[in-house]
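User: I would like to go through this model and ask what stands behind the words used to describe it. Please show me the structure before we begin.

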Amino acid sequence: MENTASLIKMKKQGNKIAMLTAYDYPSAKIAQAAGVDVLLVGDSLGMVVLGYDSTVKVTVEDMVHHGKAARRGATDTFLVVDMPFGSFHGSWDRTLENAMRIFQETNAQALKLEGAGEVLEVTRKLVGAGIPIVAHLGLLPQSAAVLGGYKVQGKTASAAKQLIEDAKACEAAGACMLVLECIPHQLAEQVTQELTIPVIGIGAGSETDGQVLVYHDTVKYGSHHLPKFVQSYAEAGETMQQGLSQYVEEVKSGAFPKEQHRFTMKEEELEQLYGSK
Ligand SMILES: Nc1nc(=O)c2c([nH]1)NC[C@@H]1CN(c3ccc(C(=O)N[C@@H](CCC(=O)O)C(=O)O)cc3)CN21
Ligand SMILES: CC(C)C(=O)C(=O)O
Ligand SMILES: [Mg+2]
């Protein structure tokens with residue numbers, strides 16, 4: 001299993017980090033078998049698994065539930081769990097309680113927090129409490145209502161300058177890794193060069209230290225809109241639907257179940273049950 005030191009080593013040696021989300025036992029198990037370096041139990045689960053139209057309804061309870069399931073499927077992969085909307089703002093006591101609960105119950109290697117600004121202090125304190133923190137800058141889905149939707153961030157010189165400052169501040173606050181979402185590739189490259197910690201991109205070009213994508217996008221599972229930055233590598237949804245339609249057909253036609261699917265009572269037991277002929 002990777003650790004924060006081996007991930008930094010991968011960055012230094014130019015070995016790309018393959019990160020993917022996973023939300024349950026089978027997805028995590030398959031991702032681990034595929035050789036994924038870092039798994040993220042993302043709050044995107046609210047959208048791709050629970051069917052919400054944003055991530056803001058996702059709760060600490062949801063993250064614990066899915067994080068534990070993913071961990072059971074991937075016992076030997078560096079696991080990051082998202083802190084959900086609202087769970088790390090407000091009082092420090094409540095933030096610590098939420099972070100400890102997710103960290104302890106899921107056995108995660110790190111938790112991920114969206115944003116800089118007032119979140120920097122939270123990162124500093126959680127790292128101080130012994131919880132490794134992954135930072136997340138650029139498009140922040142939990143702040144979509146404030147940002148005006150899922151839009152590319154850091155497009156102007158001044159926004160880019162702010163993002164570079166924020167990224168440095170996240171590293172200074174003790175973050176062990178940084179996710180950059182939906183920003184121009186030139187900016188992502190600049191941030192990657194300026195930081196010591198690994199920088200993982202999603203919609204941030206090819207020059208980051210690694211990439212992360214959403215599981216369901218990567219294998220095309222679910223009928224949601226795929227963002228421009230996604231590459232799909234399988235047609236899982238289509239394969240599943242084809243299989244399931246055949247199942248329905250065979251139940252209707254009586255083709256399923258066959259002899260090999262059934263259980264048989266011994267002749268002598270049948271005689272006792274119904275009396276001999
Ligand atoms: N299925 C899924 N994949 C994701 O990558 C993802 C989620 N859900 N949910 C949480 C966030 C939200 N994300 C998103 C969702 C949509 C766009 C999107 O449609 N962006 C436009 C760009 C708009 C612009 O030009 O500013 C695109 O066309 O890709 C981007 C990020 C990334 N995350
Ligand atoms: C898109 C990734 C980085 C994420 O935060 C999530 O899946 O929730
Ligand atoms: Mg997330």
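Analyst: A definition comes first: Ala, Val, Leu, Ile, Met, Phe, Trp, Tyr, Cys and Pro count as nonpolar, Asp, Glu, Lys and Arg as charged, and the others, Gly among them, as polar. Please keep in mind that this is a predicted model. By these classes, the shell around ligand 1 divides into 10 nonpolar, 4 polar and 3 charged residues.

User: What makes a residue part of the shell around ligand 1, and which are the closest?

Analyst: A residue is near the ligand if its C-beta atom, placed from the backbone, lies within 6 Å of it. Ligand 1 is surrounded by 17 residues, of which Tyr-150, Lys-151, Val-214, Pro-227 and Lys-228 are the closest. The helices α3 (45–48) and α10 (215–218) each supply at least two residues of this shell.

User: Why are 3 residues in the shell around ligand 2 called charged?

Analyst: The shell around ligand 2 includes Asp-43, Asp-82 and Glu-181, and because Asp and Glu belong to the charged class, these residues are counted as charged. The rest of that shell is classed as 5 nonpolar and 4 polar residues.

User: How do you know that Ala-175 is in contact with Ile-133?

Analyst: Contact requires C-beta atoms within 7 Å, and, leaving aside neighbours within four places in sequence, Ala-175 is in contact with Ile-133, as well as with Thr-123, Val-134, Ala-135, Cys-170 and Ile-197. Both Ala-175 and Ile-133 are among the residues that touch the most other members of the largest nonpolar core, which has 70 residues.

How values were computed:
Residues numbered from 1 in each chain as written. Chains lettered and ligands numbered in written order. Predicted model: local features only at pLDDT ≥ 70, side-chain atom pairs only at ≥ 80, totals over all residues. Helix = DSSP H or I, 4+ residues; strand = E, 2+ residues; numbered from the N terminus. Core = buried A, V, L, I, M, F, W, Y, C linked by C-beta atoms within 7 Å. Buried ≥ 20, exposed ≤ 12 C-beta atoms within 10 Å, placed from the backbone. Contact = placed C-beta atoms within 7 Å.
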